[in-house]
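Let's walk through this one together, sheets first and then the cysteines. Have the sequence and the 3D view open as you read.

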Amino acid sequence: MELQERHADLAAQGIGMAAIFYDPPEAIREFTEARGIEFPVLSDPGSAVIRGYGILNREVEPDAQVGDYRLYGIPYPGTFVLDGKGRVVERFFEQRYQERITAASIALRLGESLEGASAAGTGMDSRLIAASAYASDTAVAPGNRFALMVDVEPKPGMHVYAPGDHIYRVIRLRVDAPDFLRVHPLSYPPSELYHYEPLDETVPVYQQPFRLVQEVTVPMSEETAALSAAPGGKLVVEGTLEYQVCDDEVCYIPAEAPLRWELAWRPLVRD
């Protein structure tokens, strides 16, 4: 389980973690002991807490079951983030129950990072701009939603273009491979306005170091299940950073830089 692997990282940063299942205590005890889970896993008989949070899966009929396993009472899977006073400050839910955002990606969305969780990728450095690629996680499994990150540093006196109403090439990350990845909208940080006096135009730009965050999901499929089960297998993600750099006098030709991330596969746990 990805959360169990991240438990020590979260605890080291003063973050507690607990899970709530609708299963009876004896089933939860067997499950946690079999997997060596150390964080609290709570039983919610009758799904009382699940109903209280408004996340009871109402698409499941009361008599629905698989074999001897009763399905009614399951929640929509997700993660709540609470502050020190027990108040919910964030929540993260997915459309498909088979897919989950990783703990490291949640930490990134909250402006934090988990020590030891990220994997370094390739980068580039030129006289105009430098970029370093990272991934939120070192290992992923089918169903995981994780983040590809690019730290970009325009060189002194240079700027690149943020999204906005202008004719210049906006900096962006394009994920090229593998084809099975589902790519979500690219996340940009706040930009600043730059006024170019000769043309009397004002455009949104980045002049200081900034980070692009591209979340992707590994879908559940026979292909990804087989890849994740192969001993020593790697998930290699290839992408391209597209950008245009300008200074106060010159706009340079739009350029591209190849980027690459390599993550380990974590086998899919089905039972």
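In what order do the 4 strands of the mixed open sheet sit? They run S10-S20-S18-S13. Before going further, keep in mind that this is a predicted model.

## How far to trust it

The chain comes out with an average pLDDT of 88, and 91% of the residues score at least 70. The weak spot is helix H1, residues 2-12, where confidence is lowest at a mean of 62. At the other end of the scale sits strand S12 (residues 159-161), which has the highest confidence, at 98.

Where pLDDT is low, the predicted coordinates should not be read in detail. Helix H1, with its mean of 62, is the place to keep that in mind.

## The mixed sheet

Back to S10-S20-S18-S13, an open sheet with mixed pairing. Its edges are strand S10 (139-140) and strand S13 (172-177), each of which pairs on one side only.

Look at strand S20 (residues 255-265) and its pairings. With S10 it runs parallel, joined by 2 bridges; alanine 139 has alanine 264 of S20 as its bridge partner. Strand S18 (residues 234-243) pairs with S20 in the antiparallel sense, over 10 bridges. If you want a spot to zoom in on, try valine 237, whose bridge partner in S20 is tryptophan 261.

## The antiparallel sheet

Another open sheet is built from 4 strands in the order S15-S16-S12-S19, with antiparallel pairing. Strand S15 (192-196) and strand S19 (245-246) are the edge strands; each has a single partner strand, so one side of each has no neighbour in the sheet.

S15 and strand S16 (residues 201-206) pair over 5 bridges, again in the antiparallel sense. One of the contacts to check is histidine 195, which has threonine 202 of S16 as its bridge partner. S12, the strand with the highest confidence, lies between S16 and S19 in the sheet order.

## The disulfide

How many disulfides does the structure hold? Just 1. The link is between cysteine 246 and cysteine 251, with the sulfur atoms 2.0 Å apart. The angle about the S-S bond is 105°, and the link of cysteine 246 and cysteine 251 is right-handed.

Is cysteine 246 buried or exposed? Its relative accessible area is 0%, so cysteine 246 counts as buried, the cut-off being under 20%. Cysteine 251 is partly exposed, with a relative accessible area of 38%.

Conventions: Residues numbered from 1 in each chain as written. Predicted model: local features only at pLDDT ≥ 70, side-chain atom pairs only at ≥ 80, totals over all residues. Heavy atoms only, no water. pLDDT = per-residue confidence, 0-100. Pairing = 2+ DSSP bridges. Disulfide = S-S within 2.5 Å. Buried < 20%, exposed > 50% of the residue type's maximum accessible area, 1.4 Å probe, protein only.
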